[in-house]
Amino acid sequence: MGTAVLVVLAFTVGFALIKGLRIVPQAKVMVVERLGKFHSVATSGLNVLIPFLDSPRAMEMRVGNRYTRSHLVDMREQVMGFETVQVITHDNVTMEVGSVIYYQIVDAAKALYAVENLALAIEQLTMTNLRNIMGGLTLDQTLTSRETVNTKLRMVLDEATEKWGVKVTRVELREIEPPAAIKDAMAKQMTAERERRAEVTKAEGDKSAAILSAEGEKISRILRAEAERDAEVARAEGRKRATLLDAEAKAEATRMVFDAVNSGGGATPEVLALRYMETLESLGKGDNKMFVPYEATAALGSIATLKEVFAREATPTTRSQSAPTAAALSAQNLSRTLSTQPPAVPVRARPTLPSEE
């Protein structure tokens, strides 16, 4: 009998000792109650609890989409994602918004005793404040001001959860889903805006091209005008140079002829006759020209006299039926001979040479 009691007592003591020894993992704590009242917070490591007096307090946590109860409180930063909720914007557009919050428990005792269900409280608080913030914004503002919404929601949640021993570190809007009609309207608006930008860009390109083309045409005309001007100047300079060279050549030729004439004994009749013939030859070049030598004027005067004599003899007289006289025949032969010679125009007066002066 005594042995059995000792065995039962030993078993009870051993069970109590095992029950009183608790190991808490790193980054987790355990809230310990003594006789139903908060006693202490067991930190990481080995902790000894008094059997039947001390007991850990369980806490309900959210893991994914389900809630679990655990005696350990995780002190690391937690991530809690929410399903999309319907919100109404300031311009009466209904949309679905999903969010994600990041929070960390800084006081395990407050998280257990200040609120009944911490995870559920955070979830409901996030949804209600999200609806309030989104209701004060228009559709365009909700789509373009996510950072503003995130900051406002984080400040509201952090202020509300401070008394629960929780620190909200970050809030993010995960998705914003407008209605299908709004999506179609936004797509059409985006298409119209892109087409407008394309037209504006094309118009600006055409304008720039026209300006560049006009500037190029202007520069081209200026360059062509300058080139034509330079060409005219060059041609004028060439003509001027050619005229000067021609005048110099003629002056040199005249000087050489003058020197040759003076060195040959002066302007003799033979030299003058030779020059006279060369001049007539040069003047006779070309078509439709007729020259009469200066010496032929006396012969022409004789021809006129002969014509008058012939005319007097040809008047009707008593000897009109008789044979012509010898003088008349001689005048006719002379007139016929002179008429067969090539006519020539009178030659200009010969210039006086320096040697003849």
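In this predicted model, the side chains of Lys183 and Glu177 meet in a salt bridge, with an N to O distance of 2.7 Å. Lys183 counts as partly exposed at 39% relative accessibility, and Glu177 counts as partly exposed at 31%. The pair belongs to a wider set, since 15 salt bridges are counted in the model. Side chains of opposite charge can pair when their charged atoms come close.

Two further salt bridges lie within helix α6, which spans residues 180–263. One of these joins the side chains of Arg197 and Glu193, at 3.3 Å from N to O. Because Arg197 and Glu193 are 4 residues apart in helix α6, about one helical turn separates them. Arg197 is exposed, with a relative accessible area of 52%, whereas Glu193 is partly exposed at 29%. The other joins the side chains of Lys250 and Asp246, at 3.6 Å from N to O. Here too the residues are 4 apart in helix α6, so Lys250 and Asp246 are separated by about one helical turn. Lys250 counts as exposed at 54% relative accessibility, and Asp246 counts as partly exposed at 40%. Salt bridges with shared partners also link Glu193, Arg196 and Arg197 into one network.

The three salt bridges described above are set out here.

| Residue pair | N to O distance |
|---|---|
| Lys183 and Glu177 | 2.7 Å |
| Arg197 and Glu193 | 3.3 Å |
| Lys250 and Asp246 | 3.6 Å |

Attention now turns to the aromatic residues. A search of the whole structure finds 1 aromatic pair. Phe38 and Tyr113 form this pair in an edge-to-face arrangement, with 5.8 Å from centre to centre and 75° between the planes. Phe38 lies in strand β3 and Tyr113 in helix α2 (residues 108–113), so the pair ties together parts that are 75 residues apart in sequence. Phe38 is partly exposed, with a relative accessible area of 37%, and Tyr113 is likewise partly exposed, at 36%.

The strand that holds Phe38 also takes part in a hairpin. Strand β2 (residues 28–34) and strand β3 (residues 37–42) run antiparallel and are joined by 5 bridges. Within this pairing, Met30 stands opposite Ala42 in β3. The hairpin formed by β2 and β3 has 2 residues between the strands. Leu35 lies in the loop between β2 and β3, and has a positive phi of about 60° although it is not a glycine. At 67% relative accessibility, Leu35 counts as exposed.

A positive phi also occurs in another loop. Asn92 is found in the loop between β10 (85–88) and β11 (94–105). Its phi is near 60°, a positive value in a residue other than glycine. Asn92 counts as exposed, with a relative accessibility of 67%.

Another asparagine lies in a helix. Asn129 is found in helix α3, which covers residues 118–135. With a relative accessible area of 13%, Asn129 is buried, because this value falls under 20%. The side chain of Asn129 reaches the backbone oxygen of Leu125 at 2.7 Å. Residues up to four places away in sequence aside, Asn129 touches Leu153, Val156 and Leu157.

The last residue considered is Leu143, found in helix α4 (residues 139–144). Leu143 is partly exposed, with a relative accessible area of 30%, because this value lies between the 20% limit for buried residues and the 50% limit for exposed ones. Leaving out residues up to four places away in sequence, Leu143 touches Ile176 and Met186. Leu143 and Ile176 are 33 residues apart along the chain, and their C-alpha atoms are separated by 7.6 Å.

Note on methods:
Residues are numbered from 1 along each chain as its sequence is written. This is a predicted model: local features need pLDDT of at least 70, side-chain atom pairs count only at pLDDT 80 or more; totals for chains, interfaces and linings use all residues. Side-chain values use heavy atoms; hydrogens and water are left out. Two strands pair if DSSP finds at least two bridges between them. Buried means under 20% relative accessible area, exposed over 50%, partly exposed in between (1.4 Å probe, protein chains only). A polar contact is a pair of N or O atoms within 3.5 Å; within protein, one must be able to donate a hydrogen and the other to accept it, and residues adjacent in sequence count only if both atoms are side-chain atoms. Contact means heavy atoms within 4.5 Å. Rings of Phe, Tyr and Trp (its six-membered ring) pair if their centres lie within 6.5 Å; planes under 30 degrees apart count as stacked, over 60 as edge-to-face and the rest as tilted. A salt bridge is a side-chain nitrogen of Lys or Arg within 4 Å of a carboxyl oxygen of Asp or Glu.
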